[in-house]
Amino acid sequence: MALLSEVYEALENIVGPENITEEPATLDSYAYQWMAELVTDVTGGSKFFDRPEAVLVPGSVEDVQAIIKACNQYKIKYHVFSTGWGPWAAVPSAGQILMDLRRMNRIIEINEQNMFAVVEPYCVAAQLQAEAMKVGLNNHISGAGSGTSVLANACTFQGGGPDVMYFSSPQDSILSIEWVMPTGEILRTGSMGSDLGWFCAEGPGPSTQGIIRGSLGGAGGWGVVTKIAIRLVNWPGPVQMPIEGTAPSYRTQLPEENFKAAFPAFPSLQRFADAIYRIYDSEIGYIVHRQFVMWGDELQAAFLRIVTDPTKQLCDIPELLETPEIQQLTKEMQRNFQFIMVGMTPRDLAYQQKVLDQILKETGGWNISIIEEPDMQQYVLLFMLKLCFKSVNFTATGGFIDTYNSVASPDVWASGEIEAGKALLKKYAPKIADCGDQAMGPIGGQGGGGVTGWEDFVFYDPQDSDSSKAAADCSDEGDRLKAAQGRPPGGMLFGLARSTHADEEVRAKKLSKSPEYNWQRKLKETLDPNSVGSGNYFWGADLSKEENN
Amino acid sequence: MALEDLRATVSRCSKCSYCKWIPLAHVKSWRFAKGCPSIEYNKFQSYSASGRLSTSLSLLEGRSSYFDEGLVDIVFKCMLDGCCDVACKVNRYDLEPVEIMRQLRFKMIDNGCFPPMDVPYIDHLRKEDNMMLESKADRGKWADGLDVKDLTQEKADVVFHVGCKLSFDKDLWKIPQTVVAILKNAGVDFGIMGKDENCCGGRVCDMGYRGEFLKYAENNIDAWKNAGVKTIVTTCSDGYHAFNRLYPEEFEFNFEVLHITQYLERLINEGKLKFTKTVPMKVTYHDPCHLGRRGEPYMPWKGEQKKIRGQVLVYEPRKPRYNGALGIYDIPRNIIKSIPGIELVEMERNREYAWCCGAGGGVRERYPEFSGWTAGERIEEAKSTGAEAIVTACGWCERNFIDAINDQNESMKVYDIVDLVAEAI
């Protein structure tokens, strides 16, 4: 279904002919997405979701406003994305136009004194970080890495990451917002609502952050957030992180009196959990994350040797696993996490180190020796502080999703959930990669007490239909197991992929038990009366009307 | 490997968009974080490496047609500079963005789909053995009066391959002429092919015309064999890439290939080239794509992809990685730094993640505006270092920079590294 020429011309008049296209291969480049092959009822197993009817590249808030008004006028649905990594960036169904916000990419302001930045949608975390560091500040980076949008992660998607214990979750760091509402009106929230600057989320202007942001964000179908102010934190390091090393094994050498990476590991999961609580209560650490276990507790040591040595490749895994060094390291690295300490002063770092040592002593833990190697120290600091290697999720097989585990307290992990996740993954190997425990994620960012948000990674081959099916089945079984426990499902990524592209009624049936669903649907009906925002995962048909009928 | 054979690889792109940026570890500012000129200029996703991978899949699955309006633009409006390849391979061992984009071009040309602006260039190449729209008879004129061995008549150990750009661009003739003087002064047994020098075929290969490339490669190899050549020295980075990487991929190739910077370094180390004059200047060095990340030597491999631990993808035997690590980066910098009085400062994007000059892959010929914009971006970056001159080691880069500077009324000077050497001896 192509757009009517009248509609196309109206949109073309807004952005100019060079910023709109219906060219088929270009439309396909937006339909192609990670995980498409798993949503088989929509894609038939292909890599392509539905094509948008046209793609527009607006250059300003005025362009966006005019496009949304045109959508309301012609009753055309729009979808929008910033950096566009993931199935939620593709249009949820045919008949919709897509806005690619890549031209809206500026850093409007970095306010050094009040420690915040104002950014547009296509400014990525790596860019903001580079500029923030020049004035002694730093920004949260989503778990998806520094190549993703600061704005989207804060306002329109989940957006957590390894640094949340120190930086706090991005949704807690949003200050004023500029939002083009689903009707095309512009709403500026917080202090910006009264034209008093970007510094405050709540008043004297209106605060509608809960509506704009919600629990997970509107994922491209809920107006367009065109600017946000976001809180920054202190950075005691150099204005530019020095990068060394041969591609791809880059490293950074930072002042030892301010920076230290540790790999705490523990003799049991209960000790592991105890340490997490103590770390949280002690308020030490800049980044606390279970990162490298994403490669599996059986392979993480071998993988670390490969990614830090430019002469090595994945074909070296079998040989590495045979070496006594890697066997010992693999054993040591069970039940470990990555812990980055950043001291605002040398005394601060010394204090953090002392507290960590004490926690390890009390919990019987140890710091894995490999992290004391200079090259490893420098690699891990670079990895965790810049999150510049996050496409590493795809290194092993070209595809991954998550299953089983999700948000839980450390005690839950210690109660056997890590082993249960591992057993689930083992059940589906070798159709998925056989790596062991792959429960990875941030520590301490999901509320008080060190509550974690972990995912069991499922590595699958996206061009192998058996492997793809096994991954989907594994994720589904994880959800069923969690449902039986009365806990939230763990396969968030795959779940969002499916619900984003599901039929509205199917989605509504799935979500009808959610207490927030009806509230969000009512907001949608009120603020988007023509329903021109694309369907997405948190709203769909009004089932109550059907039931009443 | 044909495009069809790369289908599985194409399907494994995760669309992470790393191909649009320099390797994220190296991002030093908002301004110079981007790595791909094509998507920066053309905006739509299809103009990135990942977009061209999905375009390939779309074509292979019959979702798009080779004859769709606009497809030619998507496929060919790119320098094939390879920054995407470097950034992608920071974490991926199984993807080959540049190779896939090359094969996509070959496939398009095989289907008769090419930019209409190619016609005069390809016609001229077929008639006159160059795409500079110049007469073949004039190819050796730069060497008039230099008394250099003509290797179509004589034999020598070393052939100095000047390349199309420096052979026909009179403004740049000083470069090959200086090389001749240096080689003579060092007592090197060398010669040139003069008017019978052929195009290396590297540029036309990147443009998608594989047949033309094979023809020129075969002709050049025969000519060098007949002249008893053991070593090929070239001032052209396109030529260096063709001889060092493309020729051995297709033919039995037993010649030593040296870019002039490598040869100059050898002469400096042997004490045959000494700098006696001071050149007081603050300069920055631009890494030509085909000397740097795409200049890695060919490494033969025959093997297959396998899976271990269930689904982990590996190559057996170990497959050579072309990720920019083995390009030529330090040699030109060492030469510049060894010239008395010169201060070398780096641009933010350098070495394997340098921004392209805009001249490669046929873009200068097909899309001059885009080519000029790309060069202009690089000049902006050079200016930000405070340098008064940009130095490079490729005639194509120099010409593009000179044109961009003239268009923008900038005052920055452009030097080939050979120019600087000439000033210092």
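A disulfide is counted here when two cysteine sulfur atoms lie within 2.5 Å of each other. Keep that cut-off at hand for the opening exercise, and bear in mind throughout that this is a predicted model.

**Exercise 1. Cysteines and disulfides**

Work out how many disulfides the structure holds, and look at A:Cys315 and B:Cys397 along the way.

Solution.
- Step 1: Start with A:Cys315. Its closest cysteine sulfur belongs to A:Cys435 and is 16 Å away, which is too far for a bond.
- Step 2: Check the surroundings of A:Cys315. Its relative accessibility is 22%, so this residue counts as partly exposed.
- Step 3: Turn to B:Cys397. The nearest cysteine sulfur, in B:Cys357, is 3.7 Å away, and B:Cys397 is in no disulfide. The cut-off to hold against that distance is 2.5 Å.
- Step 4: B:Cys397 has a relative accessibility of 4%, so it is buried.
- Result: over all chains, the structure has zero disulfides.

**Exercise 2. Where two chains meet**

Describe the contact between chain A and chain B by its residues and its buried area.

Solution.
- Step 1: Count the participants. Chain A brings 81 residues to the contact and chain B brings 63 residues.
- Step 2: Add the area. The two chains bury about 6,000 Å² between them, with 56% of it on carbon and sulfur atoms.
- Step 3: Look at the chain A side. A:Tyr32, A:Arg102 and A:Gln313 lose the most area to chain B there, and together they make up 11% of what that side buries.

**Exercise 3. Two helix pairs in chain B**

Decide how H11(B) is oriented towards H12(B), and how H16(B) is oriented towards H17(B).

Solution.
- Step 1: Two packed helices are described by the angle between their axes and the distance between the axes.
- Step 2: For helix H11 (residues 210-226) and helix H12 (residues 237-250) of chain B, the angle is about 95° and the axes are 10 Å apart. Angles of 65 to 115 degrees count as roughly perpendicular, so H11(B) and H12(B) are roughly perpendicular to each other.
- Step 3: See who makes this contact. H11(B) contributes residues including B:Phe213, B:Asn220 and B:Trp224, while H12(B) contributes B:Phe243, B:Leu246, B:Tyr247 and B:Glu250. By class, nine residues of the contact are nonpolar, one is polar and two are charged.
- Step 4: Zoom in on B:Asn220 in helix H11 of chain B. With 3% relative accessibility, it counts as buried. Beyond residues up to four places away in sequence, B:Asn220 touches B:Asn198, B:Cys199, B:Cys200 and B:Tyr247.
- Step 5: For helix H16 (residues 368-384) and helix H17 (residues 395-408) of chain B, the angle is about 85° and the axes are 9 Å apart. H16(B) is therefore roughly perpendicular to H17(B).
- Step 6: Among the residues that meet here are B:Gly372 and B:Ala375 of H16(B), and B:Phe401 and B:Ala404 of H17(B). The contact of H16(B) with H17(B) has five nonpolar, five polar and two charged residues.

**Exercise 4. A proline and its distant partner**

Find out whereabouts B:Pro332 sits and which residues it contacts.

Solution.
- Step 1: B:Pro332 belongs to helix H14 (residues 330-338) of chain B. Its relative accessibility is 0%, so it counts as buried.
- Step 2: Leaving out neighbours within four places in sequence, B:Pro332 contacts B:Thr261, B:Tyr285 and B:Ile417.
- Step 3: B:Thr261 is 71 residues from B:Pro332 in sequence, yet their C-alpha atoms are 5.9 Å apart.
- Step 4: Follow B:Thr261 to helix H13 (residues 260-269) of chain B, where it is buried, as are B:Ile260, B:Gln262, B:Tyr263, B:Leu264 and B:Leu267. Just after H13(B) comes B:Gly271, with a positive phi of about 75°.

**Exercise 5. Backbone details in loops**

Locate two cis peptide bonds and two non-glycine residues with positive phi.

Solution.
- Step 1: In chain A, a cis bond links A:Ala247 to A:Pro248, with omega about 0°. A:Pro248 lies in the loop between strands S12 (243-244) and S13 (251-252) of chain A.
- Step 2: In chain B, the bond from B:Glu316 to B:Pro317 is cis, and its omega is near -5°. B:Pro317 is in the loop between strand S8 (312-316) and H14 of chain B.
- Step 3: A:Met115 has a positive phi of about 55°. It is partly exposed, with a relative accessible area of 25%.
- Step 4: B:Lys15 has phi near 60°. At 4% relative accessibility, B:Lys15 is buried.

Terms used
Residues numbered from 1 in each chain as written. Chains lettered and ligands numbered in written order. Predicted model: local features only at pLDDT ≥ 70, side-chain atom pairs only at ≥ 80, totals over all residues. Heavy atoms only, no water. Axes fitted to C-alpha atoms, helices over the stretch in contact; angles between N-to-C directions. Helix = DSSP H or I, 4+ residues; strand = E, 2+ residues; numbered from the N terminus. Parallel < 35°, antiparallel > 145°, perpendicular 65-115°, else oblique. Contact = heavy atoms within 4.5 Å. Nonpolar A, V, L, I, M, F, W, Y, C, P; charged D, E, K, R; others polar. Buried < 20%, exposed > 50% of the residue type's maximum accessible area, 1.4 Å probe, protein only. Buried area = accessible area lost by both parts, 1.4 Å probe.
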